[in-house]
Amino acid sequence: MSTIIGAKTTAKVVTQHRGKMIAYWTVTLLLAISITLSGIGQLMRYGGNVDLVTDIGFPLYITNILGSWKLLGVVAIIVPGFPRLKNGLTPVFSS
């Protein structure tokens, strides 16, 4: 008689801790909000942005460039699925 031995396949599922994920997104969103407000302030030339730029000796249009870059950076940080764009900013959790 021949016997058939069944093979059992198991897959190791890497799970991320829920607390770490919540902490990551909380810090990321707080950072994104602060960068967004700073970028909007530079685009609107609000507050001390004009004085800061002119005291350093840069032309005033630099505020438009920096404000635009900050808003584009926020989009790159928040939108998932662009690992090459983020260049290693995606969290790595080990269990």
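Start by selecting G41: at 10% relative accessibility it counts as buried, because the cut-off for that label is under 20%. Keep in mind that you're looking at a predicted model. G41 sits in helix α1, which covers residues 18–43.

Now show what surrounds G41. Leaving aside residues up to four places away in sequence, G41 touches Y46 and N49. Add T63 to the selection and draw a C-alpha to C-alpha distance from G41: you should get 9.0 Å, for two residues that are 22 apart in sequence.

Next, colour the whole of α1. The helix has 26 residues and runs 37 Å from its first C-alpha to its last, close to the 38 Å expected at 1.5 Å a residue. Which residues of α1 are buried? Pick out Y24, T28, A32, G39, G41 and Q42. In an α-helix there are 3.6 residues a turn, so residues three or four places apart point the same way. Switch on the neighbouring helices and you'll find the buried residues of α1 packing against α2 (49–56) and α3.

Step just past the end of α1 and click on R45, where phi is positive, at about 55°.

Last stop: α3, residues 62–78. What should its 17 residues span at 1.5 Å a residue? The expected value is 24 Å, and the end C-alpha atoms of α3 are 24 Å apart, so the two agree. Within α3, highlight T63, G67, V74 and A76, which are buried. You've already met T63: its C-alpha is the one 9.0 Å from that of G41.

Definitions and conventions
Residues numbered from 1 in each chain as written. Predicted model: local features only at pLDDT ≥ 70, side-chain atom pairs only at ≥ 80, totals over all residues. Heavy atoms only, no water. Helix = DSSP H or I, 4+ residues; strand = E, 2+ residues; numbered from the N terminus. Buried < 20%, exposed > 50% of the residue type's maximum accessible area, 1.4 Å probe, protein only. Contact = heavy atoms within 4.5 Å. Expected span 1.5 Å × (residues − 1).
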